[in-house]
Each structure stands twice: as C-alpha cells, then as structure tokens.
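Q: Here is a structure that I would like to understand better. Please take a close look at one part, the salt bridges, and then place that part in its surroundings.

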Amino acid sequence: MYIEINLIQERRYNLKKFVYICLTVLCLSGCIGENYSVGHPITKLQVNDSTYDLKPSKVQWQTQGDSTSLDEDNIEALLSESKKITVSQGQFIKIKFEDSIEDEGEYTDIQIKISVTQNDSKQLLYEKDIDSSMLEEIHTFASPTENGNYILEVEFSSNGNYAQYIGNLYVE
C-alpha cells in the first residue's frame with residue numbers, strides 16, 4: 001500500500017512537471033521565429049570627423065503595435081533647427097542607418113534615395129536597393145560639384161513604410 005501511494009504521488013509530480021514544461025514551451029513558442037516590427041531608422045551623416053543626425057520630415061510607418069505619421073510643412077523651420085553640414089565640392093559623405101527600436105526587428109525590401117535641392121532644382125546623388133544585412137553598413141555618396149546651399153533629402157523605404165530625412169548642406 002505504501003508503494004502504491006508513493007507511485008501515485010510520483011505520477012502526480014511527473015504530471016505537474018509535464019504540464020509546467022508544456023506551458024513553458026507553449027509560451028516561448030510565440031517568441032521563437034517572430035519577426036518583430038521596427039520603427040523608422042535613425043539616419044546619420046559622417047563628414048570627416050563630424051557626425052550629424054538628420055531630422056525626419058515625412059514619415060508613414062506602421063509597426064505591429066504602433067503607427068507613426070509625420071508630415072512637416074515648415075521645412076525652413078526644420079532646417080533652421082539643424083546644424084549646417086559643410087562639405088567641399090565632390091567630397092565623399094558617409095551615411096549610416098541605425099535601428100530606432102532595439103527589438104531585433106528586420107527591415108526588408110529597402111530602398112534608399114539621396115538627393116539635393118537648390119533653387120527648385122532637384123539632383124539625385126545616390127540610389128540603391130539593399131537587403132537587411134547591409135542596413136548597418138556605411139554607404140557613401142559624393143556631394144554636389146557646385147558651391148551653394150542645398151537641402152539634402154534622404155528617402156528610406158522598407159516593407160511599404162516610408163521615411164524622409166532632411167539636412168542643411170553647404171558646399172564650399
């Protein structure tokens with residue numbers, strides 16, 4: 001009889017243990033293989049030893065739990081808040097994109113366009129489609145070859161989402 005009670009208690013213990021293991025696996029299985037959404041990236045320019053954060057001017061971005069929308073009408077006000085980025089004619093400028101949310105999400109179907117506008121004339125400087133593994137790489141493009149003030153525009157799109165960043169570029 002003592003052995004039977006011991007066996008029943010051992011079976012209950014094993015059953016409890018089995019249930020706990022199943023619940024744990026079930027809870028964790030929702031996290032494994034999940035592709036978390038990411039927000040629009042932080043965009044930085046590197047000129048010589050200086051780094052400049054570009055300000056978002058237009059954003060249409062959807063994530064799993066959030067939606068971001070920004071459409072800055074007053075570009076001059078946004079540019080006045082930005083540091084002037086001074087470069088030489090034809091100087092190479094480095095640009096880097098960083099995840100704005102550290103939830104291990106992934107950007108896919110990425111397209112980058114970089115252009116400058118001066119006196120209502122727009123000039124494309126760089127355009128590239130990249131995969132997500134190249135997001136953290138530094139991309140390089142050349143500044144305009146004519147002196148003057150320019151509005152620098154960086155367009156970043158991924159997964160049907162869109163973000164535009166602007167900067168105040170001065171070519172000397």
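A: Happy to. A salt bridge here is a side-chain nitrogen of Lys or Arg within 4 Å of a carboxyl oxygen of Asp or Glu. By that rule, Lys122, Glu153 and Glu155 are joined in a network of salt bridges.

Two notes on the source before going further. This is a predicted model, in which local features need pLDDT of at least 70 and side-chain atom pairs count only at pLDDT 80 or more, while totals for chains, interfaces and linings use all residues. Residues are numbered from 1 along each chain as its sequence is written, and side-chain values use heavy atoms, with hydrogens and water left out.

Within the network, Lys122 meets Glu153 with their closest N and O atoms 3.1 Å apart. The pair links distant parts of the chain, since Lys122 is in strand 8 and Glu153 in strand 10, 31 residues apart. Strands (E, at least two residues) and helices (H or I, at least four) are DSSP runs, numbered from the N terminus. Glu153 has a relative accessible area of 12% and is therefore buried; the classes are buried under 20%, exposed over 50% and partly exposed in between, with a 1.4 Å probe and protein chains only.

The whole structure holds 4 salt bridges. Another of them brings together the side chains of Lys113 and Glu127, 3.8 Å from N to O. Lys113 lies in strand 7 and Glu127 in strand 8, so this pair ties together parts that are 14 residues apart in sequence. Lys113, at 30% relative accessibility, is partly exposed, and Glu127 is partly exposed too, at 45%.

Asp53 and Lys44 also form a salt bridge, their closest N and O atoms being 3.5 Å apart. Asp53 is exposed, at 52% relative accessibility, whereas Lys44 is partly exposed, at 23%.

That last pair leads to the sheet. Strand 1 covers residues 42-47, and 4 bridges join it to strand 2 in an antiparallel arrangement; two strands pair if DSSP finds at least two bridges between them. One bridge partnership is that of Gln46 with Thr51 in strand 2. The open sheet has 4 strands in the order 2-1-6-9, with antiparallel pairing. Its edges are strand 2 (50-53) and strand 9 (139-142), each of which pairs on one side only.

Now for the nonpolar side of the surroundings. A nonpolar core is a set of buried Ala, Val, Leu, Ile, Met, Phe, Trp, Tyr and Cys residues joined through side-chain atoms within 4.5 Å. The largest such core has 27 residues, of which Leu45, Leu152 and Leu169 touch the most other members. Among the strands that each supply at least two residues of this core are strand 1, strand 7 (110-118), strand 8 (121-130) and strand 10 (148-158). Strands 7, 8 and 10 are thus familiar, because Lys113 lies in strand 7 and Glu127 in strand 8, while Glu153 is in strand 10.

Leu152 gives a good view of that core. Its contacts (heavy atoms within 4.5 Å), leaving aside neighbours within four places in sequence, include Leu45, Leu54, Ile114, Val116, Phe141, Tyr165 and Leu169.
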